[in-house]
Amino acid sequence: QLDLLWTRKQNVMYNLFDWPTQKHSKLIILAIANTMDLPERIMMNRVASRLVCPSSRFWSIRLLFTIWDCSNAVQKDMALLLGAQGVVLQSCPVSLQVAALSGDARRCLDICRRATEICESAKQKRSPEIVGMAHVTEAIDEMFSSPYINAIRNASLHEQIFLKAILAEFRRAGVEEATVQQVYHQHMALCRIEGMQRPTVSEMMAICSRLGASRILLLEASNKYLHMRVRLNLSQDDVMYALKEE
């Protein structure tokens, strides 16, 4: 996943894309990113130049994959998967439930697998068991339960808005890292939408520090203040689940 290889000097990405250009190289690089224009958005010229066709033996191609949706085909595939294990999947929108928390189809299958295990352990196998939404809900709660999620749920309102602002900035930039200043702009926009009083820069830095102290955020060790870079210490799916209203 290309956006996770981003570093300040971008040496990792440069070396990665430079290898296929070497003489007699037989290496093919397949990189995945959340945005189509990631090279133009974050790459330095020297890195982006590795993606340009310097000779007839090296070229780059971009493929655009649409976001997976909650189609009936996904539910049918899960039903077939569980059916092969002798388990009946109750007719219920499992993919819809998971899509509200995550866009990752693999997480959807993991939850169905765990729901099946919960169902099998609850009853004796006298007949094919039915995996219902109660089992799915229990599997989701189990999968997304962690001290970090509890910390987010118990965080102050502005700390939760700050985390929402981080998610908004990550979606905007397509990179899972941002400066405090970039998040600050998103935070101000969310406060305007909610009709809330906007925090000062000092208050924003204090919010960021508290989230860093609880290890929900990973903060760059520097004195750059608003230009300090921040990352999440857990997946975006987990943060979305913790912030989701009951």
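1. Thr-116 is buried in this predicted model. Its relative accessible area is 2%. Thr-116 belongs to helix H6. Its C-alpha atom lies 6.1 Å from that of Val-131. Along the chain, Thr-116 and Val-131 are 15 residues apart.

2. Helix H6 also carries a charged contact. Arg-114, in H6 (residues 105–122), pairs with Glu-142 in helix H7 (residues 133–143), so this salt bridge ties together parts that are 28 residues apart in sequence. The closest N and O atoms of Glu-142 and Arg-114 are 2.6 Å apart. Both partners are partly exposed: Glu-142 has 38% relative accessibility, and Arg-114 has a relative accessible area of 27%.

3. The Arg-114 and Glu-142 pair does not stand alone. Arg-114, Glu-117 and Glu-142 are linked in a network of salt bridges. The structure as a whole holds 6 salt bridges.

4. Glu-177 deserves a look. Which residues form salt bridges with Glu-177? Arg-229 is one partner, with an N to O distance of 2.7 Å. Arg-229 lies in strand E5 (residues 229–232), and Glu-177 in the loop between helix H9 (157–173) and strand E3 (178–179). These two residues are 52 residues apart, and their pair links distant parts of the chain.

5. Arg-231 is another partner of Glu-177, the closest N and O atoms being 3.5 Å apart. Arg-231 also lies in strand E5, so its pair with Glu-177 in the loop between H9 and E3 ties together parts that are 54 residues apart in sequence.

6. Is Glu-177 buried or exposed? Glu-177 is buried, because its relative accessible area of 13% falls under 20%. Its two arginine partners are partly exposed: Arg-229 at 24% relative accessibility and Arg-231 at 22%.

7. Now the nonpolar interior. The largest nonpolar core has 37 residues. Those with the most contacts inside this core are Ile-152, Phe-162, Leu-163, Ile-166, Leu-217, Leu-232 and Val-239. Two or more residues come from each of H6, H7, helix H8 (147–153), H9, helix H10 (180–194), helix H11 (201–213), E5 and helix H12 (236–243). H9 gives the most, with 6 residues. In soluble globular proteins, nonpolar side chains tend to be buried together.

8. Where does this core lie with respect to domain 2 and domain 3? Residues come from both domain 2 (67–144) and domain 3 (150–243), so the core lies between them.

9. Leu-217 shows the surroundings of one core residue. Leaving aside residues up to four places away in sequence, Leu-217 touches Phe-162, Leu-163, Ile-166, Cys-208, Leu-211, Gly-212, Arg-231, Leu-232 and Asn-233. One of these contacts, Arg-231, is the residue that forms a salt bridge with Glu-177. Others, including Phe-162, Leu-163, Ile-166 and Leu-232, are listed with Leu-217 among the residues with the most contacts inside the largest core.

10. Apart from the largest core lies another, of 10 residues. Among them are Leu-2, Met-43, Leu-51 and Val-175.

11. How many aromatic pairs are there? The count comes to 0. An aromatic ring does take part in a contact with a charge: the charged end of Arg-46 sits over the ring of Tyr-14. The distance to the ring centre is 4.7 Å.

Definitions and conventions
Residues are numbered from 1 along each chain as its sequence is written. This is a predicted model: local features need pLDDT of at least 70, side-chain atom pairs count only at pLDDT 80 or more; totals for chains, interfaces and linings use all residues. Side-chain values use heavy atoms; hydrogens and water are left out. A salt bridge is a side-chain nitrogen of Lys or Arg within 4 Å of a carboxyl oxygen of Asp or Glu. Helices (H or I, at least four residues) and strands (E, at least two) are DSSP runs, numbered from the N terminus. Buried means under 20% relative accessible area, exposed over 50%, partly exposed in between (1.4 Å probe, protein chains only). A nonpolar core is a set of buried Ala, Val, Leu, Ile, Met, Phe, Trp, Tyr and Cys residues joined through side-chain atoms within 4.5 Å. Domain bounds come from an automatic or database domain assignment. Contact means heavy atoms within 4.5 Å. Rings of Phe, Tyr and Trp (its six-membered ring) pair if their centres lie within 6.5 Å; planes under 30 degrees apart count as stacked, over 60 as edge-to-face and the rest as tilted. A charge sits over a ring if NZ of Lys or CZ of Arg is within 6 Å of the ring centre and within 35 degrees of the ring normal.
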